[in-house]
Amino acid sequence: MTHDAAVLKAREISNGVLTPSAGQNDKAGKFSSEAIEALGNAGLLGLMLPAEFGGAGLGPRTLAAVTATLAEADASVAMVYLMHILGTAMIAAARPGIAEAVAPVLREIGAGLHLTTLAISEAGSRSHFWAPVSRAHRNGKGVRISAKKSWVTSAGHAHSYVVSTLAPEGSGPTDSTVYLVAAETRGLSIAGPWDGLGLRANASAPIALEECEVSTDFQLTDDSAGFPTMMSVLLPLFNLGSAAVALGLCRAAVAATVTHLKNARFEHLGQSLGESLPTLRAHLAEMQIETDSLAALIDDLVEHLEEPRDTTLLRVMESKAAAGETAISVTSTAMRVCGGAAFSKHLGVERLFRDAHAGAVMAPTADVMREFIGKSLLGIPLF
Ligand SMILES: Cc1cc2nc3c(=O)[nH]c(=O)nc-3n(C[C@H](O)[C@H](O)[C@H](O)COP(=O)(O)OP(=O)(O)OC[C@H]3O[C@@H](n4cnc5c(N)ncnc54)[C@H](O)[C@@H]3O)c2cc1C
């Protein structure tokens, strides 16, 4: 599959599956299994997976374009997709000793039949994803894990969870190990409902692991190597993908605002809103400028990921912080420009506004990114 073919498939799925049901799924808080099936059938669940597992072997440029395209139609589905791609990247990066054990899972992903996700954040350490408070305990040929994972996108719908926990003998707060835990593992349960302000259809419920037994065959990283692996494998793609979700939301907000300004009319003036009011045109222009600036930032990040250089980590951190703010700003302006029609939920703009607020609080949060950017500029260690 080429880059263009992947984006075209994402567009077709967005138009055919996501757009018709996004509003209803948001209202009902319903996870879209239909969307995941369509993404699997189209070969998009294996987007970045090597061809030997049936994947498309595509890179960050395509991930950004596909994720933004999905988010334009339904940010909940886009975030489910992103978490799956990240979980897949962690499984594909598994330590060499377990390549044979995880190969069947990767082949299922390549065949579009397996959805995975990340179970990193814990109730005890909140947004500090780098510091799990749970710990794995040695148990025969594996470990036993008990953990309270506070928000897990696709909870109850994923076939597997990529779980971080402190290594059995780890001594520091970031001495974590990452495991692949099958959904049907005894002791794993959905610990509560998901009823969020935004991203309501992505099932980001808490999960509990109670004495879950996991074989060494599914220990994805070496002991205490979870944190550096998450930093090198997850952070760049998560920040890129989050920025792409933000871009999709901004584009959808601009499109909805244009439609409204063209169609809504002052009958007594014989003009559309857009024809009548220069202030609204100026607000719309500002939304477009912010959206295109975010697109340029994402393109720049893609280039930094394709050809890493000294400034790559800085760009990775900046992109998520900036994208979250841009999405909030652009969708907030859309709410104002579209007036009562947006406020009373006629237009679907308020779903974009609510969804946009998730990006800033998803770890690494926008404020944590700012803190790290400041530290790195001053030469202070990040952790
Ligand atoms: C829709 C959604 C989906 C999610 N999906 C997943 C998932 O699939 N997997 C997963 O593992 N997690 C997931 N999460 C969890 C997410 O990554 C965060 O862990 C969670 O949102 C943090 O919320 P909190 O209330 O615990 O934040 P807190 O840690 O209590 O933070 C509160 C405020 O303090 C700020 N803050 C905290 N520490 C610092 C610091 N050092 N410097 C500056 N400011 C700081 C934060 O930015 C925030 O504004 C999801 C969250 C949401 C909302």
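# Exercises on a predicted model

Thr117 is buried, with a relative accessible area of 0%. The model is a predicted one, and the exercises below work through parts of it.

## Exercise 1. Surroundings of Thr117

Place Thr117 in its secondary structure element and list its contacts outside the local sequence.

Solution.

1. Thr117 belongs to strand E1.
2. Leaving out residues up to four places away in sequence, Thr117 touches Met83, Val152, Thr153, Ser154, Ala158, Ser160, Tyr161 and Val162.
3. The accessible area agrees with the burial label: the cut-off for buried is under 20%, and Thr117 has 0%.
4. As a distance check, the C-alpha atoms of Thr117 and Gly340 are separated by 38 Å, and these residues are 223 residues apart along the chain.

## Exercise 2. Aromatic pairs around Trp130

Classify the ring pairs that Trp130 forms with Phe129 and with Phe372.

Solution.

1. A pair of aromatic rings is described by the distance of the centres and the angle of the planes.
2. Over the whole structure, a search returns five aromatic pairs.
3. For Phe129 and Trp130 the ring centres are 5.3 Å apart and the planes stand at 85°, so this pair is edge-to-face. The cut-off used here is over 60 degrees.
4. For Trp130 and Phe372 the distance is 5.6 Å centre to centre and the angle between the planes is 50°, and the pair is tilted.
5. Next, locate the partners. Trp130 sits in the loop between strand E1 (116-119) and strand E2 (136-139), while Phe372 sits in helix H13 (residues 366-378), so their pair ties together parts that are 242 residues apart in sequence.
6. Then check burial. Phe129 is buried, Trp130 is buried at a relative accessible area of 11%, and Phe372 is buried at 5%.
7. Finally, ring pairs join Phe129, Trp130, Phe227, Phe372 and Phe383 into a cluster.

## Exercise 3. Packing of H3 against H4

Describe the packing of helix H3 and helix H4 by angle and axis distance, then by the residues in contact.

Solution.

1. Helix H3 covers residues 60-73 and helix H4 covers residues 75-92.
2. The two helices pack at an angle of about 150°, and their axes are 6 Å apart.
3. An angle over 145 degrees counts as roughly antiparallel, which makes H3 roughly antiparallel to H4.
4. On the H3 side the contact is made by Leu63, Val66, Thr67, Leu70, Ala71 and Ala73. On the H4 side it is made by Ala75, Ala78, Tyr81, Leu82 and Ile85.
5. By residue class, the contact of H3 with H4 has 10 nonpolar residues, one polar and no charged.

## Exercise 4. Unusual backbone geometry

Find the cis peptide bond and the positive phi values of Arg126 and Ser224, and give the setting of each.

Solution.

1. The background is that most residues other than glycine have a negative phi, and most peptide bonds are trans.
2. The bond from Ala363 to Pro364 is cis, with omega near -5°. Pro364 lies in the loop between helix H12 (358-361) and H13.
3. Arg126 is not a glycine, yet its phi is positive at about 50°. Arg126 lies in the loop between E1 and E2, and is exposed with a relative accessible area of 59%.
4. Ser224 is not a glycine either, and its phi is positive at about 70°. Ser224 lies in the loop between strand E7 (205-215) and helix H6 (226-263). At 28% relative accessibility, Ser224 is partly exposed.

## Exercise 5. Burial of H11

Is helix H11 largely enclosed or open, and which of its residues are buried?

Solution.

1. Helix H11 spans residues 349-356, and seven of its eight residues are buried, so the helix is largely enclosed by the rest of the structure.
2. The buried residues are Val349, Glu350, Arg351, Leu352, Arg354, Asp355 and Ala356.

## Exercise 6. Domains

Give the domain bounds and describe how domain 1 meets domain 2.

Solution.

1. The domain assignment of the protein chain gives domain 1 (3-110), domain 2 (116-224) and domain 3 (227-378).
2. The C-alpha centres of domain 1 and domain 2 are 21 Å apart.
3. Domain 1 puts 26 residues into the contact, and domain 2 puts in 21 residues.

Technical notes. Residues numbered from 1 in each chain as written. Predicted model: local features only at pLDDT ≥ 70, side-chain atom pairs only at ≥ 80, totals over all residues. Heavy atoms only, no water. Phe/Tyr/Trp six-rings, centres within 6.5 Å; stacked < 30°, edge-to-face > 60°. Buried < 20%, exposed > 50% of the residue type's maximum accessible area, 1.4 Å probe, protein only. Helix = DSSP H or I, 4+ residues; strand = E, 2+ residues; numbered from the N terminus. Axes fitted to C-alpha atoms, helices over the stretch in contact; angles between N-to-C directions. Parallel < 35°, antiparallel > 145°, perpendicular 65-115°, else oblique. Contact = heavy atoms within 4.5 Å. Nonpolar A, V, L, I, M, F, W, Y, C, P; charged D, E, K, R; others polar. Domains from an automatic or database assignment.
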